[in-house]
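Biologist: Can you walk me through how the chains of this model meet? Short answers are fine.

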Protein chains: 4
Amino acid sequence: MNQIKIGVIGASGNIGRYTHCENIVKYTDGAVLTAVSSSSKASVQKIADHYCVQAMENAEELITSDQVDAVLICSSNETHVPYTIRCLEEGKPVFLEKPMANTLEEAQLLLEAEKKAGEHMVQIGFMRRYDPDYIEMKKVLDSGSLGAPLMVHCISRTRYTNLKNRPDSEHITVIGVHEVDICRWLLEENMKEVMVRFPRSTTVETGDSRDPQFLLMQTENDILIDVEATANSYYGYEILCEVVCEKGTIRLPVTPSVMVRSYLNVGQALPPDWNDRFVVAYRNEVQHWVDYLLGKTDVPGPGTADGYEACRICDAFIRAQKTGCWETV
Amino acid sequence: MNQIKIGVIGASGNIGRYTHCENIVKYTDGAVLTAVSSSSKASVQKIADHYCVQAMENAEELITSDQVDAVLICSSNETHVPYTIRCLEEGKPVFLEKPMANTLEEAQLLLEAEKKAGEHMVQIGFMRRYDPDYIEMKKVLDSGSLGAPLMVHCISRTRYTNLKNRPDSEHITVIGVHEVDICRWLLEENMKEVMVRFPRSTTVETGDSRDPQFLLMQTENDILIDVEATANSYYGYEILCEVVCEKGTIRLPVTPSVMVRSYLNVGQALPPDWNDRFVVAYRNEVQHWVDYLLGKTDVPGPGTADGYEACRICDAFIRAQKTGCWETV
Amino acid sequence: MNQIKIGVIGASGNIGRYTHCENIVKYTDGAVLTAVSSSSKASVQKIADHYCVQAMENAEELITSDQVDAVLICSSNETHVPYTIRCLEEGKPVFLEKPMANTLEEAQLLLEAEKKAGEHMVQIGFMRRYDPDYIEMKKVLDSGSLGAPLMVHCISRTRYTNLKNRPDSEHITVIGVHEVDICRWLLEENMKEVMVRFPRSTTVETGDSRDPQFLLMQTENDILIDVEATANSYYGYEILCEVVCEKGTIRLPVTPSVMVRSYLNVGQALPPDWNDRFVVAYRNEVQHWVDYLLGKTDVPGPGTADGYEACRICDAFIRAQKTGCWETV
Amino acid sequence: MNQIKIGVIGASGNIGRYTHCENIVKYTDGAVLTAVSSSSKASVQKIADHYCVQAMENAEELITSDQVDAVLICSSNETHVPYTIRCLEEGKPVFLEKPMANTLEEAQLLLEAEKKAGEHMVQIGFMRRYDPDYIEMKKVLDSGSLGAPLMVHCISRTRYTNLKNRPDSEHITVIGVHEVDICRWLLEENMKEVMVRFPRSTTVETGDSRDPQFLLMQTENDILIDVEATANSYYGYEILCEVVCEKGTIRLPVTPSVMVRSYLNVGQALPPDWNDRFVVAYRNEVQHWVDYLLGKTDVPGPGTADGYEACRICDAFIRAQKTGCWETV
């Protein structure tokens, strides 16, 4: 097998259509898109026509099709676990978008299903591990030249999220989960305790959710991580990170763009959303998945163990949102 | 009176000799240095000779001298309150270095002494209020164009502090106190609750103190302030600050220096210590004090009320270091 | 036709092997690599095996193969014109690396050959037009918000070029030609006059060529362009550009990488060579060529008219190197 | 003598009033302002009142007053040479603003007058030599770590200059003269040849002068210096400089100010004029002059030899403006 036939479940969502389908078709070596499905029949047919692939009736048909070797799941969160388990039952590898599961119980079911199906059958969509800047950051950190890491300062700002009727927990499961995983990966440590504190809330795009939120986590070796999680930054999209070591620090660069000097100002444009920022990471994570399936690398991507650990930490954060105290993971 | 005759108590310390005496003599309009004193007789005579001023036997002699209109106190911390009270008894205005007092009780005594002596007799050395960058930051914040402030991220790193036999509380009283005051000034709000968390400690320049420390404070309107307080950063001196507002943020610039491109790198030198960073602020705070004494401005500098509030907040932080919990100020 | 079968002539060179073949195979939608040829038989077979494509005996065989719809030529400079003319005679579209031709006479021959074969049959490898930063720069410029352009300051530095036995003219044909084309594209103007001045030469990696060289060109509307062309910068690879307009300027950003704070310094790594800097541009130029051939866009890429104009300007520069005077293009 | 009594001629001009008088009174150790004069009687009286010093009838009275030990001349350009010569005849040291003289003949007269009066009697106001950034740049350059200098790229932009009825030569004598001197100082070399080229002119604040102008100069060792001299940049005031060496480059930093993130942008304010940019340099040049007069340093500041050389180079530039050719200095 030197071409993996990939089916995408949830192809009509934003990330399915404009990120994953595009990337498989245009930018992934050794992979071909063969089938798509979605809860929205009308839109999935359009996508299928656009790429000249098959529109499946439903996820089950896609999973069991002999035109599909491997499945990329980016449908709605509650379907992640059942669809993945069905793929594993069929012996098909899965690329699963975050979050891996909605509850720890569900996550446990998935781990068991994978245990039966074989090792490294599932890659979780923690795409930041494939971002060149984070990779460079880890390289400097791992070189040891700056000594041991002591703290990490993280900032995650999205420009606009409709916060009406959103529960507080989405700051954890949608925003915080990325910081949880990337810090585990950077530091190679698990989290011990977490806390949440609510700053004054923004009144811009007022909703029912408290925004921003300030998250703290501490690793087994006491490295302290603070995260500003902002859903409505208004001004733009930015992911910032500084690892503070004993002898120096490492910091993500500001997203570059041309420097414009205009009346009494020198400035640079900031990206409006995540797609511009992590365009390479999204491509490389799927490429890596395909390379692993083709045996071109024997290093698997982030797997269910990572997804499960992220779930456990998020779970503790959601408890901490309610208690206001430090919660053990 | 169009020249204030200033006596400096504690003239032989680093900040006395190289900052305040120099600034009074060279950079302060309307002021003249007339007398110095110090616990170290030998060194104070040298300083007196250097500036052609009088070396006083002790603080008392300086305070009561008719060659001294106003007193700048930068002697050791435990002398701050008694010397200031003596000045006030003599009716002489005081410029007092931080911390205003070692304990809240002491601070209370000083407030009472000033009440008897008259309003605005004491200016506290919160020099950051005179830093052009912080001033510009406040101007942008006060313009309202970015909406209300929600959070402040502060970083305070000094390059080298001998931490042997230093109590944990010095991170609060020496480093944190600056962040406490500048945030009160920027936000025009008092603090409600504080917390301290200890990250993994550095092993560079190992000492008995826990370093770095991570401080959190929350204002009356719930603005959340986080502070990385690092005594041994090893790499250099840096004060960073970002005020996060509803529609944008304001951030101190990196201290500029020439950009050097060398083998596969583009870099800038960082300052080794505070003196380079706040050179203008130290000059301007004393100039403002003198201007106020001469009636050139009717806006007093930071006073005992500010010093007292800082003491109260530091007090809560020191409690929080022990309890690990949020402490009410 | 919805897949263009591409043959690469000169596949075993650096840009052939690591840039164009890779990009066609991995990153180009609607294209498939089918054949490669090279003057080095041994190495071309390896490449053919690696990609599972055919190794042709020679360029002629590749050009006339029915497995090849379109030809990408990146063989040595003296073959550019003859190979391209053969492709045109066979009615096959060509992507041709710079320089289009070694002499104006040759370039003229190519133009005539294309005139017979049909419009826009040849795309020239001026890849900077596909760099996102230059594209953003042009967008700001074309918006008119900064007024008319008056000057352009360009810097082109490569880290290491063996300069032994290289003629002075290579600074023009290898380095300057990129600046010539990108300025023509940015400003939408042709050059009127050019000049060259020789600064003190570097003694690092000493060779026979004069390095750096300083180029000046002036457009029909008198926009003045200065170019620092450095072949042995030693420190790293950098392409800088600032367009100076009546009301402001636009400047390429420094290539971003993580900011590392270490002993008394804050710095960023610089790229060692062009491949890191223009990775996206190299992909996008070939994608655009393929899109044009497939009719997905009706805007052709840079063509022989652009290549010819660049030749004329380089020709004037080479004259100017000898005369030391302003030379008319 | 441990206090120099300084008289300022031309005290009512911008640089006299807001820069030099202020700096002498407020920021210069060892100096006292004792007298001012100006062609504008009314305004000089106001200044005299403000500083409680004497308003002299005219320059002659000031120069001959026994209340004046040393004279700072910042009156209009045509008075520079005659007033300086009168001071030298009286044996009084002079700080003379640029330009030293309007013509080479005049400059020659001044040199002869100084020869009679004694060495280092005149300091010329080349204040950039006292700018901390240029000083750091020279330090890195002189360290030799980057090899020999090969080129210097200079940019000088002022925000607004009324260009009606201004001769082309003012770009040389007002703007270019600073770059001439600072490059001589940085490189410790004299200029051999110069050239001027006129880019397309701005139509903003249209005047009769050609603006911007592009200047080239080459040193005895062939270091090539290019200067963008812009009188009406519209957007702000900026002085940029990059020294290109064999193994790396050194560049002035962008003037720092707080970084503001607002809608899809991150930006920094730029200074409107020179006063903000060179505030420290203006203070330090006068301080150095006074220190030299008081014998605190035996290194004189930039003198008439530097002023004369700058005149010679400017003279060649003005010739080059007319001929369009390289002119020998």
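**Axes and contacts**

Modeller: Gly267(A) is the residue of chain A that comes closest to the rotation axis, at 1.9 Å (C-alpha). This is a predicted model, in which local features need pLDDT of at least 70 and side-chain atom pairs count only at pLDDT 80 or more, while totals for chains, interfaces and linings use all residues. Residues are numbered from 1 along each chain as its sequence is written, and chains are lettered from A and ligands numbered from 1 in the order in which they are written.

Biologist: What turn and shift lay chain A on chain D?

Modeller: A turn of 180 degrees and a shift of 0.0 Å along the axis, which give an RMSD of 0.0 Å. That is the relation of a two-fold axis. The copies are superposed by least squares on the C-alpha atoms of residues with pLDDT of at least 70 in both.

Biologist: What percentage of the contact residues of chain A recur in chain D?

Modeller: 100%, and the same surface serves both copies. Contact here is between two residues whose C-beta atoms, placed from the backbone, lie within 7 Å.

Biologist: How many residues does each chain put in?

Modeller: Chain A gives 14 residues and chain D gives 14 residues. On the chain A side, strand S13 (259-262) and strand S14 (265-269) are the elements that give two or more. S14(A) gives the most, with five residues. Strands are DSSP runs (E, at least two residues), and helices are too (H or I, at least four), numbered from the N terminus.

Biologist: What kinds of residues are on that side of chain A?

Modeller: Eight are nonpolar, five polar and one charged. Nonpolar covers Ala, Val, Leu, Ile, Met, Phe, Trp, Tyr, Cys and Pro; charged covers Asp, Glu, Lys and Arg; the others, Gly among them, count as polar.

Biologist: How many bridges join S14(A) to S14 of chain D, and which way do the strands run?

Modeller: Five bridges, and S14(A) and S14(D) (residues 265-269) run antiparallel. Val266(A), for one, has Gln268(D) as its bridge partner. Two strands pair if DSSP finds at least two bridges between them.

Biologist: Now chain B. How does it lie on chain A?

Modeller: With a turn of 180 degrees and a shift of 0.0 Å along the axis, at an RMSD of 0.0 Å. In chain B, Cys325(B) comes closest to the rotation axis, at 4.1 Å (C-alpha). Of the interface residues of chain B, 100% are also interface residues in chain A, so the copies meet through the same surface.

Biologist: Different topic: where is Gly295(C)?

Modeller: In the loop between helix H9 (279-293) and helix H10 (304-323) of chain C.
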